[in-house]
Amino acid sequence: MTDATILLVEDEQNIASLVELYLKNDGYTVEHVGDGLSALAAAERLKPSLVILDVMLPGMDGLEVCRRLRATGKIPIIMLTARDGEVDRVLGLELGADDYVTKPFSPRELVARVKAVLRRAEPADAPSEDDERLALGPVRIDGARREVLVGEQPVELTAREFELLAFLVRNRGIVFSRDRLLERVWGYERPVDTRTVDSHVKSVRQKLGEGGSIIKTLRGVGYKADA
């Protein structure tokens with residue numbers, strides 16, 4: 001998807017210049033803005049394929065920008081967060097971000113994540129796993145409608161959270177390492193920060209409430225879904 005337009009929202013010019021260079025070298029069109037209000041205006045004007053959004057911005061912060069973007073559409077969003085910013089990472093995922101990258105980061109890793117998120121955002125050409133219905137414990141998943149119910153209560157998940165939950169339930173009882181989940185659910189082809197898996201699992205469990213217990217942690221190994 002080399003004709004994609006990326007909106008880069010980053011107030012640190014040295015980081016923005018480096019990221020922009022790597023993205024353009026990979027064939028992407030990039031527009032850079034340095035604050036939240038400009039990001040909202042640019043998103044409305046450009047209709048970008050994806051937004052790379054720093055959390056710490058002057059004026060309106062990245063979390064509020066993420067919330068407003070999600071209220072008006074489903075543009076894929078990758079958040080840039082501080083290494084110790086677990087609260088920001090979880091909040092970003094809850095607000096609808098598709099992924100996050102912690103600073104300092106490798107520009108190559110960020111480009112790999114951009115590719116993976118865009119690949120997952122492409123519409124399917126034919127019916128597949130997206131059309132299936134799954135159930136485990138109190139959790140029911142409708143792939144065609146992209147709906148999740150716990151009992152009779154609907155649960156709002158981001159696209160990535162939905163894919164993670166559906167993958168684990170579809171393969172119930174099978175233990176997957178974090179690296180394997182990054183490969184199968186995120187589409188990453190090289191090792192990246194596995195904490196993104198932990199943050200997504202934590203967010204899914206919280207949103208599922210009592211149904212969150214179907215996702216089991218095997219310490220030092222990974223995750224599985226089981227009743």
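1. Let's start with the two helices that meet at a wide angle. Helix 7 and helix 8 come out as roughly perpendicular to each other, since angles from 65 to 115 degrees count that way. The contact between them draws on Arg178, Leu181, Leu182 and Trp186 from helix 7, and on Thr196, Val197, Asp198 and His200 from helix 8. As for the numbers, helix 7 covers residues 178–186 and helix 8 covers residues 195–208. Their packing angle is about 75°, and the axes run 9 Å apart. Keep in mind throughout that this is a predicted model.

2. Now the overall picture. The chain has 227 residues, and 48% of them count as buried. Its secondary structure consists of eight helices and eleven strands. If you take the contacts with a separation of 6 or more, 60% of them are between residues 24 or more positions apart.

3. Staying with helix 8 for a moment, have a look at Ser203, which sits in that helix. Its relative accessibility is 0%, so Ser203 counts as buried. What does Ser203 touch, once neighbours within four places in sequence are set aside? The partners are Leu93, Glu94 and Glu161. Glu161 belongs to helix 6 and is itself one of the buried residues there.

4. That brings us to helix 6, residues 159–170. From first C-alpha to last, its twelve residues reach 16 Å, close to the 16 Å expected at 1.5 Å a residue. Is helix 6 largely enclosed or largely open? Ten of its twelve residues are buried, so helix 6 is largely enclosed by the rest of the structure. The buried set has charged side chains as well as greasy ones in the list: Arg160, Glu161 and Glu163 appear alongside Phe162, Leu164, Leu165, Ala166, Phe167, Leu168 and Val169.

5. Just ahead of helix 6 there is Leu157, in the loop that follows strand 9 (153–155) and leads to that helix. Leu157 has a relative accessible area of 18%; the cut-off for buried is under 20%, so Leu157 counts as buried. Leaving out residues up to four places away in sequence, Leu157 touches Val148, Phe162, Leu165 and Lys207. Two of those names, Phe162 and Leu165, are also on the buried list of helix 6. Leu157 and Ser203 are 46 residues apart along the chain, and their C-alpha atoms are separated by 8.9 Å.

6. Helix 3 (residues 62–72) is worth a look down its axis. Which of its residues are buried? They are Gly62, Leu63, Val65, Cys66 and Leu69. Viewed along the axis, these buried residues fall within an arc of 155°, so they line one face of helix 3. Ala71 and Thr72, on the other side of the helix, are exposed. At the N-terminal end, helix 3 is capped by Asp61: one of the side-chain oxygens of Asp61 lies 3.2 Å from the backbone nitrogen of Leu63.

7. Towards the start of the chain, Ala16 lies in helix 1 (residues 13–25). Ala16 is buried, and its relative accessible area is 0%. Not counting residues up to four places away in sequence, Ala16 touches Leu8, Glu10 and His32. Gly34 is 18 residues from Ala16 along the chain, with 8.8 Å between the two C-alpha atoms.

8. A few backbone details to check by eye. Lys103 and Pro104 are joined by a cis peptide bond, with omega at about -10°. Pro104 is in the loop between strand 5 (99–103) and helix 5 (107–121).

9. Then there are two positive phi angles at residues that are not glycine. Lys47 has a phi of about 50°, and its setting is the loop between helix 2 (36–46) and strand 3 (50–54). With a relative accessible area of 55%, Lys47 is exposed. Arg146 has a phi of about 55°, and is placed in the loop between strand 7 (139–142) and strand 8 (147–150). How accessible is Arg146? Arg146 is partly exposed, with a relative accessible area of 36%.

How values were computed: Residues are numbered from 1 along each chain as its sequence is written. This is a predicted model: local features need pLDDT of at least 70, side-chain atom pairs count only at pLDDT 80 or more; totals for chains, interfaces and linings use all residues. Side-chain values use heavy atoms; hydrogens and water are left out. Buried means under 20% relative accessible area, exposed over 50%, partly exposed in between (1.4 Å probe, protein chains only). Helices (H or I, at least four residues) and strands (E, at least two) are DSSP runs, numbered from the N terminus. The arc is that of the directions from the helix axis to the C-beta atoms. A polar contact is a pair of N or O atoms within 3.5 Å; within protein, one must be able to donate a hydrogen and the other to accept it, and residues adjacent in sequence count only if both atoms are side-chain atoms. The expected span of a helix is 1.5 Å times one less than its number of residues. Axes are lines fitted to C-alpha atoms, for helices over the stretch in contact, and angles run from 0 to 180 degrees between N-to-C directions. Angles under 35 degrees count as roughly parallel, over 145 as roughly antiparallel, 65 to 115 as roughly perpendicular and the rest as oblique. Contact means heavy atoms within 4.5 Å.
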